[in-house]
Amino acid sequence: ADVAAYSFYDLIGADELAGSVGMVTGTAVVLMVVMTGVCIWGTEISANLQKVLMAMQLGPLLLFIAVALYKVFSGDAPGGSVNPSLDWFNPLAIDSGGALTGALLLGVFIYWGWESAVNLNEETEGEASKPGLAGVISTTILLVTYLGVATALVAWGGVDGAKAFDDNATILSTYADQVLGGTLGPLVLLAVVVSALASTQTTILPASRTSMSMARAEAMPKAFGEISSRFFTPIVSTTVIGGLAIIWYLPAKLISEDFLFDSLSALSLMIAFYYALTGFGCAFYFRHELTKSVKNLLFVGIAPVIGGLMLSYLFVKSLVEWTDPANSSSGDSWFGFAPPAIIGVGFLLLGLILLIAWRHYKREPFFKRRRETADPHLLD
């Protein structure tokens with residue numbers, strides 16, 4: 001939402017508003033409220049809005065990638081440009097372990113939200129196959145667009161050109177004007193605006209469904225499982241998620257931009273944690289089905305476990321990297337650690353405390369359940 005607000009003012013040439021913390025912050029909060037409202041309004045409305053936003057994103061980005069790389073290879077790019085190399089995509093060519101870990105965490109954070117169709121499987125037509133297919137298609141689109149844009153940016157201005165912008169998001173709009181000209185260039189910035197809006201929505205949707213399903217399983221207060229009789233969406237869960245986002249964003253933004261970036265890094269840590277649990281949980285839940293076919297063994301057993309192990313390693317490796325405060329955006333030291341480590345682990349410990357309190361205070365049946373297994377032939 002913050003990126004959408006800033007990029008919108010940049011798009012319309014309102015430099016004074018783009019540079020105003022108050023205006024950007026206020027606009028971002030309004031956008032969060034609006035997107036929370038859309039998520040409450042209905043799943044179909046949300047899906048149709050996503051289709052429009054996706055089309056507005058992909059068109060300009062693919063055009064930018066194609067024209068930039070064509071000009072680079074044809075020699076029409078400015079001085080400092082460089083032809084792409086396969087080494088750019090080789091993680092083993094990265095000298096710094098911290099850089100590799102940071103890139104992997106960034107990848108986890110970027111992917112988060114693109115699995116919305118899987119989170120909404122109970123609200124999807126053809127729920128047995130379409131959400132999974134949508135997840136695969138989403139991942140492919142994500143890979144092509146992000147790698148394509150990153151490759152085009154580095155190729156157009158070289159590594160030094162990218163370094164000159166550091167974390168400044170204006171690199172995309174600046175290069176787009178150079179590549180596409182003043183007429184088509186702003187379309188790329190428009191793509192950034194709508195992309196950020198779409199991301200705001202797809203952050204609220206999965207989180208609201210997670211808390212709803214936990215409430216239905218009696219692992220959270222029942223109110224989170226309430227479905228609106230008018231909109232047929234989890235109204236309490238969605239409202240709370242949107243409210244919590246605003247409550248965290250406002251002070252984080254006002255403290256400093258670096259603190260906001262540190263909290264995003266911490267979020268990546270927590271995403272890696274629960275994605276890893278999902279991988280292990282998948283193999284465990286389908287454990288009686290794994291020996292029925294090679295396909296089951298590979299795709300429902302081995303692959304999820306490998307993913308869980310990789311993410312677990314990434315989680316631990318990141319914490320080790322953040323023992324050095326210099327590896328964070330702010331460079332601050334909290335109890336001898338970088339802020340992302342304290343924020344991430346702090347929230348995980350808070351979750352553990354709430355779990356223990358819920359278990360002992362409410363004594364819900366959820367905690368008395370036996371370990372579950374998938375119904376026979378469910379995968380069929």
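Colleague: Let's start with helix α3 (residues 21-41) and helix α9 (residues 235-255): are they roughly parallel or roughly antiparallel to each other?
Modeller: Bear in mind that this is a predicted model. The axes of α3 and α9 come within 9 Å and cross at roughly 170 degrees. Angles over 145 degrees count as roughly antiparallel. The two helices are therefore roughly antiparallel.

Colleague: How many nonpolar, polar and charged residues does the contact of α3 with α9 have?
Modeller: On the α3 side the contact includes Val 21, Val 24, Ala 28 and Met 32. On the α9 side, Ile 235, Gly 242, Tyr 249 and Lys 253 are among them. Sorted by class, the contact of α3 with α9 comes to 14 nonpolar, 5 polar and 1 charged.

Colleague: Thr 25 sits in helix α3; which residues does Thr 25 touch, leaving out those up to four places away in sequence?
Modeller: Thr 25 has 4% relative accessibility, and the cut-off for buried is under 20%, so Thr 25 counts as buried. Thr 25 is also one of the α3 residues that meet α9. With residues up to four places away left out, Thr 25 touches Tyr 249, Leu 250, Lys 253 and Leu 254.

Colleague: Staying in α9, where Ile 247 is found, is Ile 247 buried or exposed?
Modeller: The relative accessible area of Ile 247 is 59%. A residue over 50% counts as exposed. Ile 247 is therefore exposed.

Colleague: And how many Å apart in space are Ile 247 and Ile 141, C-alpha to C-alpha?
Modeller: In sequence, Ile 247 and Ile 141 are 106 residues apart. From C-alpha to C-alpha, the separation in space is 32 Å.

Colleague: Now for the charges: which residue forms a salt bridge with Glu 257, and is that partner buried or exposed?
Modeller: The partner of Glu 257 is Lys 253, with the closest N and O atoms 2.9 Å apart. Glu 257 is partly exposed at 35% relative accessibility. Lys 253 has a relative accessible area of 7%, so the partner, Lys 253, is buried.

Colleague: Which residue forms a salt bridge with Lys 292?
Modeller: Lys 292 is partly exposed, at a relative accessible area of 47%. The partner is buried, with 4% relative accessibility. The closest N and O atoms are 3.0 Å apart, and the partner is Glu 289.

Colleague: Glu 321 forms a salt bridge with Lys 317; by about how many helical turns are the two separated?
Modeller: The closest N and O atoms of this pair are 3.6 Å apart. Glu 321 is buried at 17% relative accessibility, while Lys 317 is partly exposed at 26%. Glu 321 and Lys 317 are 4 residues apart in helix α11 (residues 294-321), so the separation is about one helical turn.

Colleague: Which residues do salt bridges with shared partners join into one network?
Modeller: The count for the model comes to 5 salt bridges. The pair of Glu 257 and Lys 253 is one of them. Shared partners join these two with a further residue, giving a network of Asp 2, Lys 253 and Glu 257.

Colleague: Turning to helix α10 (residues 257-285) and helix α12 (residues 339-362), are they oblique or roughly parallel to each other?
Modeller: The axes of α10 and α12 come within 8 Å and cross at roughly 45 degrees. Only angles under 35 degrees count as roughly parallel. α10 passes α12 in a right-handed crossing. The two helices are therefore oblique to each other.

Colleague: How do the residues of the contact of α10 with α12 divide by class?
Modeller: From α10, Phe 259, Asp 262, Leu 269 and Phe 273 are among the residues in contact. From α12, the contact includes Pro 339, Ile 343, Gly 344 and Phe 347. The residues divide into 10 nonpolar, 3 polar and 1 charged.

Colleague: Near what value is phi of Glu 218?
Modeller: Glu 218 lies in the loop between α8 (170-216) and α9, and is partly exposed at 25% relative accessibility. Most residues other than glycine have a negative phi. Glu 218 has a positive phi, near 65 degrees.

Colleague: What about His 377: what is its phi?
Modeller: His 377 lies in the segment after α12. At 55% relative accessibility, His 377 counts as exposed. Although His 377 is not a glycine, its phi is positive, at about 70 degrees.

Methods: Residues are numbered from 1 along each chain as its sequence is written. This is a predicted model: local features need pLDDT of at least 70, side-chain atom pairs count only at pLDDT 80 or more; totals for chains, interfaces and linings use all residues. Side-chain values use heavy atoms; hydrogens and water are left out. A salt bridge is a side-chain nitrogen of Lys or Arg within 4 Å of a carboxyl oxygen of Asp or Glu. Buried means under 20% relative accessible area, exposed over 50%, partly exposed in between (1.4 Å probe, protein chains only). Axes are lines fitted to C-alpha atoms, for helices over the stretch in contact, and angles run from 0 to 180 degrees between N-to-C directions. Angles under 35 degrees count as roughly parallel, over 145 as roughly antiparallel, 65 to 115 as roughly perpendicular and the rest as oblique. A crossing is left-handed if the near helix is turned anticlockwise from the far one by less than a right angle, and right-handed if clockwise. Contact means heavy atoms within 4.5 Å. Ala, Val, Leu, Ile, Met, Phe, Trp, Tyr, Cys and Pro count as nonpolar, Asp, Glu, Lys and Arg as charged, and the others, Gly among them, as polar.
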